Structure formats: structure tokens, C-alpha cells
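Trainee: Please take one part of this model and go through it closely. I would like the side chains at the surface first, then the aromatic rings.

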Amino acid sequence: MEWRPLLAGNRALPVSDRLSCALISGVVGSCVWITFIKNLWKDGSGLAFDDAGDPTAYFWVHLTLAVVSFALGTAIGVIGLRGVRALRRDRVTGSTT
């Protein structure tokens, strides 16, 4: 396993192939949370909305969880994508830093 730098502004973060691939899975997680929000919005079981159609505490807690998880997953996915792109760029140019 070889480490390559992931450039973040003026700082370099060493990222391996495996770690970069794992970070890209953040994008997949983001897709899951989008689906969760859609299903929460259409909930007909009575958990997310009361009889008057107003959102319940269950709705707000799970919406907050989904939004935060989506944001974190997207940020992690961006970091992973940048790492993979840096690795590929280094392989093409033959750099070993």
C-alpha cells in the first residue's frame, strides 16, 4: 500500500487507495439519506405526522438526523473523491510524493 498526499489548501493529508475508496462511500450514504427523507415525508403510519397533519417530534428528530448525516456523508465523499483524483494524477505523472 502506497500513501499519496491529498492536498487540502496548503496542507497535505496522506490518503491510501483503500481510504479514498472508503471515503467515496460517503456519497452512497448520502443517497440513502435522501431516500430516507423522501420516505419520512410520505409517512402514513402516523409516526411522522399527527392526525391534523402536523409534524411530530419523531419527524423533526429524524429529519435532523438525516440532514446532518447527508451533509457529513457528502463532505466525506468530496474528500474521498479528491484523494482518488490526486492518486490518479500522481500515477499518470509518475510522482512519488
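Mentor: Ile76 sits in helix α2. The model is predicted, so every value here is computed from predicted coordinates. Ile76 has a relative accessible area of 37%. The bounds for partly exposed are 20% and 50%, so Ile76 is classed as partly exposed. A patch member needs over 30%, and Ile76 clears that bar at 37%. Its partners in the patch are Val68 and Leu72. Together, Val68, Leu72 and Ile76 make a nonpolar surface patch of about 250 Å². For context, the protein as a whole exposes about 6800 Å². Carbon and sulfur atoms supply 66% of that area.

Now the rings. The whole structure holds four aromatic pairs. One of them is Trp33 with Phe36, at 5.4 Å centre to centre and 80 degrees between the planes. That geometry is edge-to-face. Both residues belong to helix α1, which covers residues 17-41. They are three residues apart, or about one turn of the helix. Trp33 is partly exposed at 23% relative accessible area. Phe36 is partly exposed too, at 28%.

A second pair to look at is Trp41 with Phe59. Their ring centres are 5.5 Å apart, with the planes at 65 degrees. Edge-to-face starts over 60 degrees, so this pair is edge-to-face. Here the partners come from distant parts of the chain: Trp41 from helix α1, Phe59 from helix α2 (residues 57-93). The separation is 18 residues.

Is each partner buried or exposed? Trp41 counts as exposed, because its relative accessibility is 55%. Phe59 counts as buried, because its relative accessibility is 2%. So this edge-to-face pair joins an exposed ring to a buried one. Trp41 and Phe59 also belong to one aromatic cluster, together with Phe49 and Trp60.

Last, the setting. The protein has two helices and two strands. Along the sequence they run β-β-α-α. Of the 97 residues, 26% are buried; Phe59 is one of these, at 2%. Take the contacts with a separation of 6 or more: residues 24 or more positions apart account for 59% of them.

Technical notes. Residues numbered from 1 in each chain as written. Predicted model: local features only at pLDDT ≥ 70, side-chain atom pairs only at ≥ 80, totals over all residues. Heavy atoms only, no water. Helix = DSSP H or I, 4+ residues; strand = E, 2+ residues; numbered from the N terminus. Buried < 20%, exposed > 50% of the residue type's maximum accessible area, 1.4 Å probe, protein only. Contact = heavy atoms within 4.5 Å. Areas by Shrake-Rupley, 256 points an atom, 1.4 Å probe, with all protein chains shown as cover. Phe/Tyr/Trp six-rings, centres within 6.5 Å; stacked < 30°, edge-to-face > 60°. Patch = residues over 30% accessible without salt bridge, like charges linked within 9 Å, V, L, I, M, F, W, Y side chains within 5 Å. Salt bridge = Lys/Arg side-chain N within 4 Å of Asp/Glu carboxyl O.
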